[in-house]
Amino acid sequence: MNEILTKVQTAFVEAFGVEAAQVTMETAPASIPAWDSMGHLSLASNLERIFGISFDVDELMEMENVKAIVGIIQRKSKQA
């Protein structure tokens, strides 16, 4: 899971210009001002590129915090 979190942190750094250390499993939109609806799309695009996966609408809606994002990626990785 640490490898997934590290890659998720990279996506956050690219999408929002935050420090990687600022992104933890508890990070939610309230913690990152730029994480609004448009920022969410940018983040999702970065995650898709980094992990080589694509998200459906339901998965995008589930991404309410980093813990949920990591869970979705873990689930998709097992399906591949």
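## A tour from helix α4 to the aromatic cluster

Begin by selecting I72, which touches F55, E59, E62 and M63 when residues up to four places away in sequence are not counted. The model on display is a predicted one.

I72 belongs to helix α4, which spans residues 66-79. Should the viewer show the side chain of I72 as buried or exposed? I72 has a relative accessible area of 1%, and because the threshold for a buried residue is under 20%, I72 counts as buried. For a view along the chain, add S42 to the selection: 30 residues separate S42 from I72 in sequence, and their C-alpha atoms are 17 Å apart.

Next, select E59, one of the residues that I72 touches. E59 is located in helix α3, residues 57-62. Which residues does E59 contact beyond its neighbours within four places in sequence? They are S54, I72, R75 and K76. With I72 already displayed, the contact between E59 and I72 can be inspected from the side of E59 as well.

E59 is likewise to be coloured as buried, since its relative accessible area is 8% and the cut-off is under 20%. Now bring A44 into the display. A44 and E59 are 15 residues apart along the chain, with a C-alpha separation of 9.9 Å.

The tour then turns to the aromatic rings. How many aromatic pairs does a search of the whole structure find? The search returns three. Select F12 and W35 to see an edge-to-face pair, whose ring centres are 5.1 Å apart and whose planes form an angle of 80°. This pair joins distant parts of the chain: F12 is in helix α1 (residues 2-16), while W35 is in the loop between α1 and α2 (37-51), at a separation of 23 residues. F12 and W35 are both buried.

Keep W35 selected and replace F12 with F16. The pair formed by F16 and W35 is tilted, with 6.2 Å from centre to centre and 35° between the planes. Here too, distant parts of the chain are linked, as F16 lies in helix α1 and W35 in the loop between α1 and α2, 19 residues apart. F16 is buried, as is W35.

Finally, display F12, F16 and W35 together. Ring pairs connect these three residues into a cluster. In this last view, W35 forms the edge-to-face pair with F12 and the tilted pair with F16.

Technical notes. Residues are numbered from 1 along each chain as its sequence is written. This is a predicted model: local features need pLDDT of at least 70, side-chain atom pairs count only at pLDDT 80 or more; totals for chains, interfaces and linings use all residues. Side-chain values use heavy atoms; hydrogens and water are left out. Helices (H or I, at least four residues) and strands (E, at least two) are DSSP runs, numbered from the N terminus. Buried means under 20% relative accessible area, exposed over 50%, partly exposed in between (1.4 Å probe, protein chains only). Contact means heavy atoms within 4.5 Å. Rings of Phe, Tyr and Trp (its six-membered ring) pair if their centres lie within 6.5 Å; planes under 30 degrees apart count as stacked, over 60 as edge-to-face and the rest as tilted.
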